[in-house]
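Colleague: Could you take a close look at one part of this model for me, the charged pairs, and then tell me what sits around the loops? An informal walk-through is fine.

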Amino acid sequence: KIVEEINKPDSFVKGEEFENYVRNNIFKKSGFELIHKTHDYSNNKGDYIKSSVLPDYKFLDKKNKKEFYVECKFRNGYYNKSNKIQWCNSNQLKRYKSINSSDCPVFIVLGFGDNGNNPHEITCFPISSVNWTGLYDSFLDKYSFDPKKSISSNILWKLK
């Protein structure tokens with residue numbers, strides 16, 4: 001187990017740290033019930049679990065009883081020279097779009113910084129609002145919010 005942790009790729013470590021940050025700080029237990037959590041790197045390493053293709057989390061909003069998915073993405077770098085960031089690949093985009101529905105929408109929480117436990121910036125946007133794997137800062141700025149504050153039910157559903 002310790003050897004697995006030592007050999008785990010850095011991108012997976014930061015991704016898992018950010019997923020935990022999102023659960024503990026953005027979609028808090030007081031407002032959102034956890035229905036599903038995708039398996040982590042060590043679970044999938046030996047025997048890939050098919051449900052891992054789902055977004056990282058499925059929540060129930062305790063206030064309005066709506067279910068939704070959250071996919072967490074963490075990026076070290078901000079943008080390239082054209083103020084664009086690659087947030088996923090084309091297969092991931094297609095998969096998130098195919099999972100998205102009016103009954104259970106998919107939201108992407110994108111974090112930026114050096115440390116998944118302490119992002120400098122966070123955006124949260126509905127997958128229905130994007131058709132590209134690369135996003136410009138002008139788009140992301142519309143969905144940016146304080147990484148030190150949890151998201152409320154009211155704010156989340158206004159993003160749709």
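Modeller: Lys73 comes out as buried, because its relative accessibility is just 8%, and keep in mind throughout that this is a predicted model. Its salt-bridge partner is Glu71, with the closest N and O atoms 3.8 Å apart. That falls inside the 4 Å limit for a salt bridge. Glu71 is buried as well, at 7% relative accessibility. So here you have a charged pair with both partners under the 20% mark for buried.

Searching the whole structure turns up 3 salt bridges, so let me go through the other pairs too, given that each needs a Lys or Arg nitrogen within 4 Å of an Asp or Glu carboxyl oxygen. Glu67 pairs with Lys58, and the closest N and O atoms there are 3.2 Å apart. The burial is mixed in this case: Lys58 is buried, with a relative accessible area of 17%, whereas Glu67 counts as partly exposed at 31%.

Then there is Lys37 with Glu19, where the closest N and O atoms are 3.6 Å apart. This pair ties together distant parts of the chain, 18 residues apart: Lys37 belongs to strand β1 (residues 32-37) and Glu19 to helix α2 (residues 10-26). Lys37 is partly exposed, its relative accessible area being 35%, while Glu19 is buried at 15%.

Now the loops, where the side chains make polar contacts. Thr133 lies in the loop between β6 (121-126) and β7 (134-136). With a relative accessible area of 19%, Thr133 is buried, because the cut-off is under 20%. The side chain of Thr133 makes a polar contact of 2.7 Å with that of Gln86. Leaving aside residues up to four places away in sequence, Thr133 touches Ile85, Gln86, Trp87, Cys88, Asn89, Ser90 and Leu93. Gln86 therefore shows up both in that contact list and as the polar partner.

Asn118 is in another loop, between β5 (106-112) and β6. Asn118 is partly exposed, with a relative accessible area of 37%. Its side chain has a polar contact of 2.6 Å with the side chain of Lys148. As for the backbone, the C-alpha atoms of Asn118 and Pro147 are separated by 8.1 Å, with the two residues 29 apart along the chain.

Key:
Residues are numbered from 1 along each chain as its sequence is written. This is a predicted model: local features need pLDDT of at least 70, side-chain atom pairs count only at pLDDT 80 or more; totals for chains, interfaces and linings use all residues. Side-chain values use heavy atoms; hydrogens and water are left out. Helices (H or I, at least four residues) and strands (E, at least two) are DSSP runs, numbered from the N terminus. Buried means under 20% relative accessible area, exposed over 50%, partly exposed in between (1.4 Å probe, protein chains only). A polar contact is a pair of N or O atoms within 3.5 Å; within protein, one must be able to donate a hydrogen and the other to accept it, and residues adjacent in sequence count only if both atoms are side-chain atoms. Contact means heavy atoms within 4.5 Å. A salt bridge is a side-chain nitrogen of Lys or Arg within 4 Å of a carboxyl oxygen of Asp or Glu.
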